[in-house]
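Dear colleague,

Please find below the structure that I am handing over to you, together with its sequence. A summary of what was found in it follows.

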Amino acid sequence: MRKGLDFACRKPQRRSRWMLRLAGCLAAAAAGLAAVSAVRGLALPRRISDALAVHYLEQASALREENFALRVRLAAHADDAEENAALRELIGSGAAQDEVWDPVQTALRWPGGFLPAQRLAPGAAVLDRGGRFCGMTAKNGTVELAGTGAGAVPCRINGALGLLESRGGTLCLTELPRGCAVSVGDIAVTAQGEYWVGTAAELPVTEPSGLTACLPLTDTARTDDYLYFVQAGKIISDDV
């Protein structure tokens with residue numbers, strides 16, 4: 001009886017120790033998995049933050065380089081301020097005061113125009129980053145490039161009036177008076193708004209009709225960019 005009683009007592013003791021050891025192993029494994037998950041959870045944001053940091057550092061470096069290049073160009077053209085003032089006085093175009101321009105991005109592009117990401121008022125002039133006339137907003141809200149559609153606007157150069165036209169991918173001033181006094185490098189501006197269009201690439205060439213002249217332009221607006229500018233108030237808000 002004593003042995004049987006001893007055996008009966010020892011059997012549950014061995015079973016309980018085995019169960020405790022198993023429970024302990026399971027608890028340790030669960031803790032290990034939790035620790036691994038926690039480490040992985042911390043590592044993922046760290047990798048993302050490191051990638052973002054590298055991205056923003058690269059952007060900052062590119063902006064610093066662009067800013068430096070712009071300052072160099074500005075310093076190189078510091079003497080042109082007096083010539084610009086004289087030109088404005090000659091053509092009767094005073095510098096705009098407190099003029100504000102809003103950025104506009106392109107959503108879709110095709111030969112001869114693009115769709116802006118924001119809705120623009122019809123007849124709004126669109127300029128590139130350099131302030132050069134790039135096109136005009138049509139009634140359907142698209143931007144028609146300079147020299148095409150709504151962008152075929154009247155322009156002035158050295159007192160002569162012509163029409164902006166794109167010929168074979170080159171911007172030209174057409175319908176200029178035959179024999180007009182224009183020299184290479186003269187500046188062409190839009191008749192309305194007096195926005196920079198370009199400079200005379202060569203002397204005017206008489207048209208086949210013999211009555212007018214055509215003048216190719218250079219230093220014209222960039223038409224393959226994704227960012228342009230319109231005057232403040234020309235962007236139509238969706239809330240209106």
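I should begin with Thr174, which belongs to strand β9, a strand that covers residues 170-177. Please bear in mind throughout that this is a predicted model. Thr174 has a relative accessible area of 2%, and because buried means under 20%, this residue counts as buried. Its surroundings, leaving aside residues up to four places away in sequence, consist of Gly162, Leu163, Glu165, Arg167, Glu207, Ala213 and Cys214, each of which Thr174 touches.

Of these neighbours, Glu165 deserves a further word. Its side chain and the side chain of Thr174 make a polar contact at 3.3 Å. Glu165 also forms a salt bridge with Arg167, where the closest N and O atoms are 3.2 Å apart. Both partners of this salt bridge are among the residues that Thr174 touches. In contrast to the buried Thr174, Glu165 is partly exposed at 28% relative accessibility, and Arg167 is likewise partly exposed, with a relative accessible area of 33%.

I turn next to the salt bridges in general. Side chains of opposite charge can pair when their charged atoms come close. The structure contains seven salt bridges, including the one between Glu165 and Arg167 just described.

Another is found between the side chains of Glu194 and Arg156, with an N to O distance of 2.6 Å. This pair links distant parts of the chain, as its two residues are 38 residues apart. Glu194 is located in the loop between β10 (187-190) and β11 (196-200), whereas Arg156 is located in strand β7 (residues 154-157). As to accessibility, Glu194 is partly exposed, its relative accessible area being 23%. Arg156 also counts as partly exposed, at 28% relative accessibility.

A further salt bridge joins the side chains of Arg222 and Asp224, at 2.8 Å from N to O. Here Arg222 is partly exposed, with a relative accessible area of 44%. Asp224, at 54% relative accessibility, counts as exposed because the cut-off for that class is over 50%.

Finally, there is a network to report: Asp128, Arg132 and Asp219 are joined into one by salt bridges that share partners.

When you open the model, you may wish to start at Thr174 in strand β9, continue to the polar contact with Glu165, and then view the salt bridge between Glu194 and Arg156.

Yours sincerely

Conventions. Residues are numbered from 1 along each chain as its sequence is written. This is a predicted model: local features need pLDDT of at least 70, side-chain atom pairs count only at pLDDT 80 or more; totals for chains, interfaces and linings use all residues. Side-chain values use heavy atoms; hydrogens and water are left out. Helices (H or I, at least four residues) and strands (E, at least two) are DSSP runs, numbered from the N terminus. Buried means under 20% relative accessible area, exposed over 50%, partly exposed in between (1.4 Å probe, protein chains only). A polar contact is a pair of N or O atoms within 3.5 Å; within protein, one must be able to donate a hydrogen and the other to accept it, and residues adjacent in sequence count only if both atoms are side-chain atoms. Contact means heavy atoms within 4.5 Å. A salt bridge is a side-chain nitrogen of Lys or Arg within 4 Å of a carboxyl oxygen of Asp or Glu.
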